[in-house]
Amino acid sequence: MNYIKSKKYDMAFIQQNIMGPNPMKLLEELLQKYPLLPGETVLDLGCGKGVTSLFAVKEYQARVFATDLWISPTENKQRFDALGLTSQQIIPIKAEAHELPYANEFFDTVICIDSYHYFGTDKEYLSQHLLPLIKHGGRLLIAVPGLKKDIHENIPAEMLLSWSAEDIQTLHDAKFWRNILSETEGIEIIELGEMQSFDECWNDWLACDNEYAVNDRKALNAGAGKYMNFIAMIICKQ
Ligand SMILES: C[S@@+](CC[C@H](N)C(=O)[O-])C[C@H]1O[C@@H](n2cnc3c(N)ncnc32)[C@H](O)[C@@H]1O
């Protein structure tokens, strides 16, 4: 894949502000096929330090509610201010995914990169907490770290070099996610499957010097990547 838009950004800035495999490139892969329209109101759920949020604003002229639990909205606002983004363009919010402070049918699109697996494995989550916030005809674009095939009964030793069995519980294959989503009424699954961006996004992350990236190198260097991939889920609310 050619990441024409992501490659315009300073890699030092990206590596200081990502919390896992390069989320900007993961989002770019989704948006190449399913672009945002200028002026859309977008929820970036689990935005972390807002790298995907600022990408949606700068590259697609969306208005983004950059929503996260662990990262403070004050910290994110300082980052957005430093880039010259205004509070008309990007709104940092602290919220838990089950208590989102938004009106029903408020968003044209929800993007959710490397975070849905923390709360979305509950079959009720989508219908009860997220779907009501999306307009009819609106979309949900998700990318989660996952597996080529669920291996929870027999976790490969390479993966355990960096992560506990509990950490790995959040990772699943495309079949698992299709099963979870198929329980939800009022959606059409447009696309669900493995993504192309595995090596590119992991290489950007493993080159970071933060302690989590350094820890992840043990598993990836031992070959854990052969069991893993990102899963894309593109959903339309009917
Ligand atoms: C691995 S980080 C990824 C952050 C960002 N998307 C990125 O890729 O750099 C996962 C993010 O999910 C968010 N998250 C996890 N559980 C959450 C929840 N229950 N409600 C809201 N956000 C949650 C965390 O705050 C965290 O920033």
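This passage describes the pockets, a surface patch, two backbone angles and the salt bridges of a predicted model.

The largest pocket encloses about 1200 Å³ of space. Its lining comprises 46 residues, and those nearest the centre of the pocket are M19, G20, W70, D114 and Y118. By character, the lining residues of this pocket divide into 24 nonpolar, 15 polar and 7 charged. Several elements each contribute at least two residues to the lining, namely the helices α1 (11-17), α3 (51-60), α5 (116-119), α8 (165-168), α10 (198-206) and α11 (211-221), together with β2.

Three of the residues named at the centre of the largest pocket, M19, W70 and Y118, also take part in a nonpolar surface patch, which they form with L69. The area of this patch is about 450 Å². L69 is located in the loop that runs between β2 (63-68) and α4 (73-82). The relative accessibility of L69 is 37%, and the residue therefore counts as partly exposed.

D114, another residue nearest the centre of the largest pocket, has a backbone feature of its own. Its phi angle is near 60 degrees, a positive value in a residue other than glycine. D114 belongs to the loop between β4 (107-113) and α5, and it is buried because its relative accessible area is 18%, under the 20% limit. A positive phi, near 55 degrees, is also found at Q61, likewise a residue other than glycine. Q61 lies in the loop between α3 and β2 and, with a relative accessible area of 47%, is partly exposed. Within helix α5 itself, F119 is buried, with a relative accessible area of 12%.

The second largest pocket has a volume of about 160 Å³. It is lined by 13 residues, and E29, L30, K33, E191 and Q196 are the closest to its centre. Two or more lining residues come from each of α2 (23-33), β6 (187-194) and β7 (228-237); α2 gives the most, with 4 residues. The lining of this second pocket consists of 6 nonpolar, 3 polar and 4 charged residues.

Two of the residues closest to the centre of the second largest pocket, K33 and E191, are joined to each other by a salt bridge with an N to O distance of 2.8 Å. This pair links distant parts of the chain, as K33 is in helix α2 and E191 in strand β6, 158 residues apart. K33 counts as exposed at 53% relative accessibility, whereas E191, at 28%, counts as partly exposed.

Side chains of opposite charge can pair when their charged atoms come close. In the whole structure, 11 salt bridges are found. One of them joins E200 to K25, with the closest N and O atoms 2.7 Å apart. Because E200 lies in helix α10 and K25 in helix α2, the pair ties together parts that are 175 residues apart in sequence. K25 is buried, at 3% relative accessibility, while E200 is partly exposed, at 27%. Both residues belong to a network of salt bridges that also includes K7 and D204.

A further salt bridge is formed by K226 and E158, whose closest N and O atoms are 3.1 Å apart. K226 is in the loop between α11 and β7 and E158 is in helix α7 (residues 157-160), so that this pair ties together parts 68 residues apart in sequence. K226 is partly exposed, with a relative accessible area of 48%, whereas E158 is buried, at 17% relative accessibility.

Conventions
Residues are numbered from 1 along each chain as its sequence is written. This is a predicted model: local features need pLDDT of at least 70, side-chain atom pairs count only at pLDDT 80 or more; totals for chains, interfaces and linings use all residues. Side-chain values use heavy atoms; hydrogens and water are left out. Patches are made of residues with over 30% relative accessible area and no salt bridge: like charges are joined within 9 Å, nonpolar side chains (Val, Leu, Ile, Met, Phe, Trp, Tyr) within 5 Å. Accessible areas come from the Shrake-Rupley method with a 1.4 Å probe; for residues, only the protein chains shown count as cover. A salt bridge is a side-chain nitrogen of Lys or Arg within 4 Å of a carboxyl oxygen of Asp or Glu. Buried means under 20% relative accessible area, exposed over 50%, partly exposed in between (1.4 Å probe, protein chains only). On a 1 Å grid over the protein atoms alone, a cavity is a set of points where a 1.4 Å probe fits but cannot get out, and a pocket is an open set with protein on both sides within 12 Å along at least five of seven lines; lining residues have an atom within 4 Å of a point. Grid points are joined across faces, edges and corners, and a volume is the space filled by probe spheres set on the points. Ala, Val, Leu, Ile, Met, Phe, Trp, Tyr, Cys and Pro count as nonpolar, Asp, Glu, Lys and Arg as charged, and the others, Gly among them, as polar.
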